[in-house]
Amino acid sequence: MNLAIIGAGYVGLVTGACLADVGNRVVCVERNSERLDVLRHGGVPFFEPGLAELVAHNAQAGRLSFTDDLASAVHRAEIVFIAVGTPADEDGSADLGHVLEASAALGRTISRDMVVVIKSTVPVGTCHRVQAVIDQELRARGVDWRIAIASNPEFLKEGSAVDDFQRPDRIVIGTEDPEALRLMAALYAPYNRNRDRLIHTDVRSAEFTKYASNVMLATRISLMNELARIAEKVGADIEAVRHGTGADPRIGHHFLYAGVGYGGSCFPKDIQALARLAADHGESTPLLHSVQRVNEEQKRVLATKIRQHLGTSLKGRCIALWGLAFKPNTDDIREAPSIALVRELLADGATVRAYDPAAAENARRAIDHPGLTIVPTAWDACEGADVLAVVTEWREFKSPDFHGLAALLKCRAIFDGRNLYDPDYVESCGLAYYGIGRGGRRVRSGSAETDAYAVMTGYW
Ligand SMILES: NC(=O)c1ccc[n+]([C@@H]2O[C@H](COP(=O)([O-])OP(=O)(O)OC[C@H]3O[C@@H](n4cnc5c(N)ncnc54)[C@H](O)[C@@H]3O)[C@@H](O)[C@H]2O)c1
């Protein structure tokens with residue numbers, strides 16, 4: 001098929017590259033000239049595992065191209081995806097400026113029948129607004145192309161986006177138009193062979209499904225974080241509790257980790273947007289507000305623990321920090337807990353030596369402060385530092401040389417924001433250990449060998 005994708009960000013570019021890879025001809029429209037320049041020169045403007053190779057391969061094969069000229073991109077397109085950003089507005093609602101602007105531009109350029117697919121995460125009712133905007137532009141031009149609308153929310157996870165797109169657990173298509181459904185089913189057929197993953201709904205339910213999914217996941221995280229705080233107070237270890245709780249198949253082990261809070265470009269803004277949407281319809285959302293509040297508080301937990309360990313003032317202290325990205329395998333720092341922590345430490349008079357395998361450049365741009373030094377290796381971060389805070393669970397942080405760290409860190413303490421390490425083992429290496437919700441110590445039931453393996457892999 002001939003496809004156009006408006007917006008070549010995390011979602012648009014992954015979608016475009018993956019759909020080109022199965023044989024479609026895809027043109028990505030990107031208006032950010034810096035991003036476009038990188039893409040046109042064979043690069044990828046952000047880090048996402050496997051994406052650079054996929055983009056290069058399909059661009060070389062002539063199936064994937066990039067432009068800022070919408071008209072030329074949609075000229076032959078049977079399906080146009082809108083995958084532009086929907087950031088939070090000042091009142092928390094989703095800012096639909098980019099979506100509606102793209103829709104109007106589409107309406108001014110469309111020159112054939114087509115399906116317009118909204119992939120951006122948008123409040124319920126937006127797809128119908130998009131349809132109205134396009135129809136209005138077509139009427140103003142005095143043309144009568146048949147435009148069908150579909151909502152196709154994206155569930156990929158940054159860090160494994162290519163794999164998620166190629167092996168989706170579901171493909172949600174919301175449309176009331178049979179021809180749009182037929183075309184979309186054909187487009188996604190290559191990803192739908194092993195079992196039927198296609199879920200067909202009405203447009204509004206598809207829009208809502210995306211918010212419901214993100215809110216469900218964020219709630220799970222905040223609940224675990226609240227349980228972790230209680231565990232700390234009552235002397236239980238949230239890691240042991242997690243194993244015991246997750247063993248119930250109704251609960252499951254996925255997404256059951258206590259930590260320093262969720263971040264990223266989706267959960268924070270999507271929860272706010274849903275709360276706002278509900279308020280606009282006269283519905284209160286006490287649970288959603290609590291999920292957000294717990295998360296904001298959780299982002300401050302490591303700073304509080306560091307302050308308690310080092311004394312009330314952090315003036316003159318140096319904190320080593322591992323991990324700036326909001327999660328591993330991405331360079332995305334939007335709403336990252338690391339950024340909140342760095343800001344708090346700097347405001348308290350500390351200096352920070354931070355390391356991240358991928359997000360250094362983005363963090364440098366986000367925080368321009370003489371107290372923050374971003375260094376090239378994890379060990380450089382610990383040079384001259386008092387203590388170490390681990391914020392993102394990158395693989396390379398999972399099994400460090402704790403004896404080496406004990407020799408390097410002046411105040412010999414690790415603040416493990418992702419519960420990566422075995423507290424007893426860390427302490428046996430001469431370091432104070434602070435995790436999240438680790439009030440008790442795990443009762444070891446395995447052999448010494450399994451314990452050693454668990455320490456090595458960080459699986460406790
Ligand atoms: N990032 C994720 O993990 C993820 C996952 C699922 C859904 N989503 C949703 O997908 C949408 C896009 O997210 P993202 O992270 O890819 O955003 P992004 O900010 O990385 O990318 C959006 C891109 O669209 C471009 N753009 C905006 N208006 C344009 C226009 N009129 N013409 C051409 N280009 C335009 C921007 O320059 C930018 O490069 C959002 O609604 C988001 O909530 C994101």
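**Exercise 1. A bridge inside one helix**

Work out where R364 and E361 sit relative to each other in this predicted model, and how their charges meet.

Solution. Start with the secondary structure: both R364 and E361 belong to helix α15, which covers residues 360–366. Next, look at the spacing: they are 3 residues apart, or about one turn of the helix. Now check the charged ends: the closest N and O atoms of R364 and E361 are 2.9 Å apart, and the pair forms a salt bridge. Finally, look at the cover. R364 has a relative accessible area of 39%, so it is partly exposed. E361, at 43%, is partly exposed too.

**Exercise 2. Bridges across the sequence**

How many salt bridges does a search of the whole structure find? Then take E154 with K119, and R418 with E393, and place each partner.

Solution. The search turns up 26 salt bridges. Take E154 and K119 to begin with: their closest N and O atoms are 2.8 Å apart. E154 is in the loop between β6 (147–151) and α7 (161–166), while K119 is in the loop between β5 (114–118) and α6 (126–141), so this bridge links distant parts of the chain, 35 residues apart. Both partners are buried.

Then move to R418 and E393, where the closest N and O atoms are 3.3 Å apart. R418 sits in the loop between β13 (413–416) and α18 (423–428), and E393 in the loop between β12 and α17, so the pair ties together parts 25 residues apart in sequence. The cover differs here: R418 is buried at 16% relative accessible area, whereas E393 is partly exposed at 25%. One last item is a network: R300, R307, E344 and D348 are joined by salt bridges that share partners.

**Exercise 3. Sorting ring pairs**

Classify the pairs Y10–F46 and Y355–F397: stacked or edge-to-face?

Solution. For context, the whole structure holds 11 aromatic pairs. Y10 and F46 have 4.0 Å between ring centres and 25° between planes, which makes the pair stacked. Y10 lies in helix α1 (residues 10–21) and F46 in the loop between α2 (33–40) and α3 (51–60), so the pair connects parts 36 residues apart in sequence. Y10 is buried at 10% relative accessibility, and F46 is buried at 6%.

For Y355 and F397, the centres are 6.0 Å apart and the planes are at 70°, so call this pair edge-to-face. Y355 is in strand β10 (residues 351–355) and F397 in the loop between β12 (387–390) and α17 (402–408), so parts 42 residues apart get tied together. Y355 is buried at 8%, and F397 is buried at 0%.

Two extras round off the rings. F165, Y188 and Y191 are linked into a cluster by ring pairs. R170 lies over the face of F155, 3.7 Å from the ring centre.

**Exercise 4. Cysteines without partners**

How many disulfides does the structure hold, and why is C411 not bonded to C318?

Solution. The count is 0. C18, for instance, has its nearest cysteine sulfur, that of C28, 11 Å away. At 1% relative accessibility, C18 is buried. For C411, the closest cysteine sulfur is in C318, 10 Å away, and that is too far for a bond. C411 is partly exposed at 25%.

**Exercise 5. A nonpolar patch**

Which residues form a nonpolar surface patch with about 370 Å² of accessible area together?

Solution. The members are L223, L227, I230 and V234. Zoom in on L227: it lies in helix α9 (residues 203–234). L227 is partly exposed, with 37% relative accessible area.

Definitions and conventions:
Residues numbered from 1 in each chain as written. Predicted model: local features only at pLDDT ≥ 70, side-chain atom pairs only at ≥ 80, totals over all residues. Heavy atoms only, no water. Patch = residues over 30% accessible without salt bridge, like charges linked within 9 Å, V, L, I, M, F, W, Y side chains within 5 Å. Areas by Shrake-Rupley, 256 points an atom, 1.4 Å probe, with all protein chains shown as cover. Salt bridge = Lys/Arg side-chain N within 4 Å of Asp/Glu carboxyl O. Helix = DSSP H or I, 4+ residues; strand = E, 2+ residues; numbered from the N terminus. Buried < 20%, exposed > 50% of the residue type's maximum accessible area, 1.4 Å probe, protein only. Disulfide = S-S within 2.5 Å. Phe/Tyr/Trp six-rings, centres within 6.5 Å; stacked < 30°, edge-to-face > 60°. Lys NZ or Arg CZ within 6 Å of the ring centre and 35° of its normal.
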